[in-house]
Amino acid sequence: MSSPLPPTPEQARMAMVDAMAAERARLGAQPLPRAVEEALRAVPREAFLPGLPLTEAYDPHQAVVTRRDEERGVALSSVSAPTIVATMLERADLRPGHRVLEVGSGGYNAALIRRLVGVDGQVVSIDIDPEVVTRAERCLKSIGVDDVHLAVGDGAHGFAARAPFDRIIVTAGAWDLPPAWEQQLAEDGVLVVPMRIRGLTRCLTLRRAPEEGCWEAVAVDMCGFVRMRGRDEHWEAMPCLHDEDGCQVALRLEDGPEVEEKALREALACEPVTVWSNVEVGAEEPTDSQDLYLASVADRWAQLTAERGAIKAGLVSPISRLGTPALISAEGTGFAYRTLRRCPGRADRWEFGAVGHGPHARATAEHLAHLIGEWDRDHRRGPGPRITLFPATTPDDRLPGGRVVDKRHTRTVLTWTITP
């Protein structure tokens with residue numbers, strides 16, 4: 001019996017969009033706008049990922065790194081996962097005739113934007129890396145798209161020569177909101193940007209607030225992106241708690257406390273204490289608001305990262321290797337991080353807990369478990385935080401209540417309202 005023929009690129013593309021639509025329906029999300037769905041069905045993603053098997057090129061959840069700094073082990077450019085591409089295009093609400101600036105080039109997203117804004121629209125795509133721009137130009141030309149204006153430049157400066165823009169879509173992880181984006185966006189424009197807030201990346205859809213120089217997030221979505229480089233590049237402190245090759249454990253301390261690395265290394269070597277929260281979650285239930293809540297209410301906030309070898313060796317048992325919510329103890333001599341276990345007798349339910357290390361392990365773990373319980377009781381079924389960005393010069397008495405995150409250009413405020 002002969003084997004079935006592999007799918008054609010067009011069949012793989014249709015299957016990807018069908019799978020995305022089915023997933024949205026299963027999760028109770030809104031269907032994709034028709035124009036976005038049609039663009040995804042029309043633009044060949046494989047042209048921007050030459051040599052990659054179709055099964056990977058059309059995996060709805062797979063981002064593909066296309067350029068990497070091998071010496072530092074840092075991704076420099078990628079083609080984003082189709083699911084987040086679709087979400088960002090939906091949030092941008094692109095219309096025929098719109099003028100769009102894309103910050104961060106890859107080619108695929110620019111081709112989709114080009115199709116959405118039509119012949120009367122304008123697309124400018126910039127990247128700080130000349131090789132990334134050259135690659136994007138080559139891939140776009142391979143599918144007959146030659147009217148996207150590509151340029152090399154620091155994304156923090158925007159592209160004043162073709163401003164104003166109706167939409168600015170940032171496809172790199174930003175730490176702050178550069179003034180150029182505000183200056184180059186039309187008065188009623190929309191800015192879609194993956195923003196790091198206390199180390200957590202969320203895609204913010206921003207519109208101008210009534211107060212001058214202020215922005216309101218009208219949508220907040222989970223995402224992950226390669227970091228922006230250039231003037232506004234930002235790297236946080238990451239003390240290493242265990243540095244054995246392949247088994248490294250570290251704490252990411254963006255907007256977190258100053259710590260003594262020696263004390264925390266000693267804490268990791270202590271016998272851990274685990275506290276369970278009685279807060280359960282289903283396998284596909286979204287809980288990303290929990291991370292934001294913990295980051296909002298915890299003064300001594302951190303994120304634990306771990307290589308696979310450290311988890312396999314039993315050094316730590318975090319939920320995510322790349323960043324699990326953690327707290328530094330009040331004394332600075334230990335920490336606790338979030339963990340998860342399967343509920344007894346329930347294959348589809350899991351329970352959150354906290355693992356503490358150090359002299360005050362139990363107290364720190366209990367505090368983290370208590371905050372998880374607060375989220376479950378007061379915010380789990382709510383809309384999430386209101387996120388507002390103010391100019392960096394805004395005095396405290398003009399800010400709403402909530403967690404204030406200070407950056408170079410802005411003061412971001414996360415305000416939570418208890419949901420009955």
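This passage describes an open sheet, the helices packed on it, one loop residue and one pocket in a predicted model.

The sheet is built from 7 strands, arranged in the order β10-β11-β13-β14-β15-β16-β12. Its pairing is antiparallel, and the sheet is open. Strands β10 (240–242) and β12 (273–282) stand at the edges. Each of these two has a single partner strand, so one side of each is left without a neighbour in the sheet. From one strand to the next, the twist averages 35 degrees. Within this arrangement, strand β13, which covers residues 301–306, runs antiparallel to β14 and is joined to it by 4 bridges. Across this pair of strands, Ala302 stands opposite Ala326, a residue of β14.

Two helices are described here in relation to the sheet. Helix α8, formed by residues 261–269, packs on the sheet and touches β10, β11 (249–252), β14, β15 (335–342) and β16 (349–357). The direction of α8 makes about 30 degrees with that of β10. Helix α11 also packs on the sheet, where its contacts are with β12, β14, β15 and β16. The direction of α11 makes about 15 degrees with that of β12. Strands β14, β15 and β16 are thus touched by α8 and are likewise touched by α11.

The loop between β10 and β11 contains Gly246. With a relative accessible area of 33%, Gly246 is partly exposed, because this value falls between the limits of 20% for buried and 50% for exposed residues. Although Gly246 and Glu307 are 61 residues apart along the chain, their C-alpha atoms are separated by 6.1 Å. When residues up to four places away in sequence are not counted, Gly246 touches Glu307, Arg308, Gly309 and Ala310.

Attention then turns to the open space in the model. The second largest pocket has a volume of about 200 Å³. Its lining consists of 13 residues, and those that lie nearest its centre are Arg300, Ile328, Ser329, Ala330 and His367. By class, this lining comprises 6 nonpolar, 4 polar and 3 charged residues. Strand β14 (324–328) and helix α11 (361–378) each supply at least two residues of the lining. The largest share, 3 residues, comes from α11. Helix α11 therefore appears in two parts of this description: it packs on the sheet, and it contributes to the lining of the second largest pocket.

Note on methods
Residues are numbered from 1 along each chain as its sequence is written. This is a predicted model: local features need pLDDT of at least 70, side-chain atom pairs count only at pLDDT 80 or more; totals for chains, interfaces and linings use all residues. Side-chain values use heavy atoms; hydrogens and water are left out. On a 1 Å grid over the protein atoms alone, a cavity is a set of points where a 1.4 Å probe fits but cannot get out, and a pocket is an open set with protein on both sides within 12 Å along at least five of seven lines; lining residues have an atom within 4 Å of a point. Grid points are joined across faces, edges and corners, and a volume is the space filled by probe spheres set on the points. Ala, Val, Leu, Ile, Met, Phe, Trp, Tyr, Cys and Pro count as nonpolar, Asp, Glu, Lys and Arg as charged, and the others, Gly among them, as polar. Two strands pair if DSSP finds at least two bridges between them. Axes are lines fitted to C-alpha atoms, for helices over the stretch in contact, and angles run from 0 to 180 degrees between N-to-C directions. Contact means heavy atoms within 4.5 Å. Buried means under 20% relative accessible area, exposed over 50%, partly exposed in between (1.4 Å probe, protein chains only).
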